[in-house]
Amino acid sequence: MPMILSTPLLSEPSFLSYARVGIVSTQRKKTAIFCSSHSLKDNGASLQSGCVLHRKENLSRRFLLFVLVSSGLSPTLPSSGKTKSKNPYDEKRLLEQNKQRQKENNAPKDFPNFIREGFEVKVVTSEDYRKSDSGLIYRDYEVGKGDCPKAGQQVTFHYIGYNESGRRIDSTYLQGAPARIRMGTNAVVPGFEEGIRAMRPGGKRRIIIPPELGPPVGPSTFFSSKQFEVFDIELLSIQNCQRRTIAFYSDVVCN
């Protein structure tokens, strides 16, 4: 069964609706007083019967309102905002569109699918994927051997980066050289460092980084919108590092 993630919506009660209830009850009271005073001056039976009928309608409406309130129900009031209902067929269409774009971009096998509608996104993956407490989604293809990297150590690794449509956005394999970073120095986005922190040398992992763990967005950055990022990572090695100082010069050397 696929794993689907979503977010809920919130709504607030309308203060205007309570004010309208008070106005309506005041108008009904005035109408009842007018009918009773006018019926004393008029000898016509039709006018009196009309007022009696109007009173009966008011009593029946009040009785219906009392029954609804006592039973835990409430009459539906008009709403000024429009709520967009979700259609399962729309989700199916969006899913098929995402799969088609991934096929055109030659996305790798078992690539996750994204059902995006505005700012709301559902991630659809196979059962082999796991999700951490922070929201990072990952899958291990090879676990590797040895210890996991610690803060201050340097890691050497290859990676391929993709966007939600499966288009490749970066690759160290194409650059011809692996990447190197020191753990705990904020050299990469939080989701990427969290994903590589639990790997072992020789391990291969795919991570799905949510927007809250991804890079900042804006005109001054490469990313123009908050999207999920997908990375295939191969951890090659881990090196210990130490700081050395020569006269007024200081740097970090990793073995």
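This is a short walk through one protein chain, from the overall fold down to one glutamine and one hairpin.

Keep in mind that the model is predicted. The chain has 255 residues, and 29% of them are buried. Five helices and twelve strands make up the list of elements. Now the contacts. Take those between residues at least 6 apart in sequence: 61% of them join residues at least 24 apart. As for surface, the chain exposes about 17800 Å². Carbon and sulfur atoms supply 56% of that area.

Next, Gln153. Where is Gln153 placed? In the loop between strand E5, residues 137–142, and strand E6, residues 154–162. Is Gln153 buried or exposed? Gln153 counts as buried, because its relative accessibility is 15% and the cut-off for buried is under 20%. Which side chain makes a polar contact with the side chain of Gln153? That of Asn240, at 2.6 Å. Asn240 also appears in the contact list of Gln153, which leaves aside neighbours within four places in sequence. From the same part of the chain numbering, the list includes Ile238, Gln239 and Cys241. Ile181, Arg182 and Met183 are in contact with Gln153 too. So is Cys148.

Now on to E6 itself. E6 pairs with strand E7, residues 168–171. The sense is antiparallel, over three bridges. For one of the residue pairs, look at Ile160: its bridge partner in E7 is Ser171. E6 and E7 form a hairpin with five residues between the strands. In that hairpin, Gly166 takes a positive phi, near 80°.

That's the tour. Questions welcome.

How values were computed: Residues numbered from 1 in each chain as written. Predicted model: local features only at pLDDT ≥ 70, side-chain atom pairs only at ≥ 80, totals over all residues. Heavy atoms only, no water. Helix = DSSP H or I, 4+ residues; strand = E, 2+ residues; numbered from the N terminus. Buried < 20%, exposed > 50% of the residue type's maximum accessible area, 1.4 Å probe, protein only. Contact = heavy atoms within 4.5 Å. Areas by Shrake-Rupley, 256 points an atom, 1.4 Å probe, with all protein chains shown as cover. Polar contact = N/O pair within 3.5 Å; in protein donor to acceptor, adjacent residues only side chain to side chain. Pairing = 2+ DSSP bridges.
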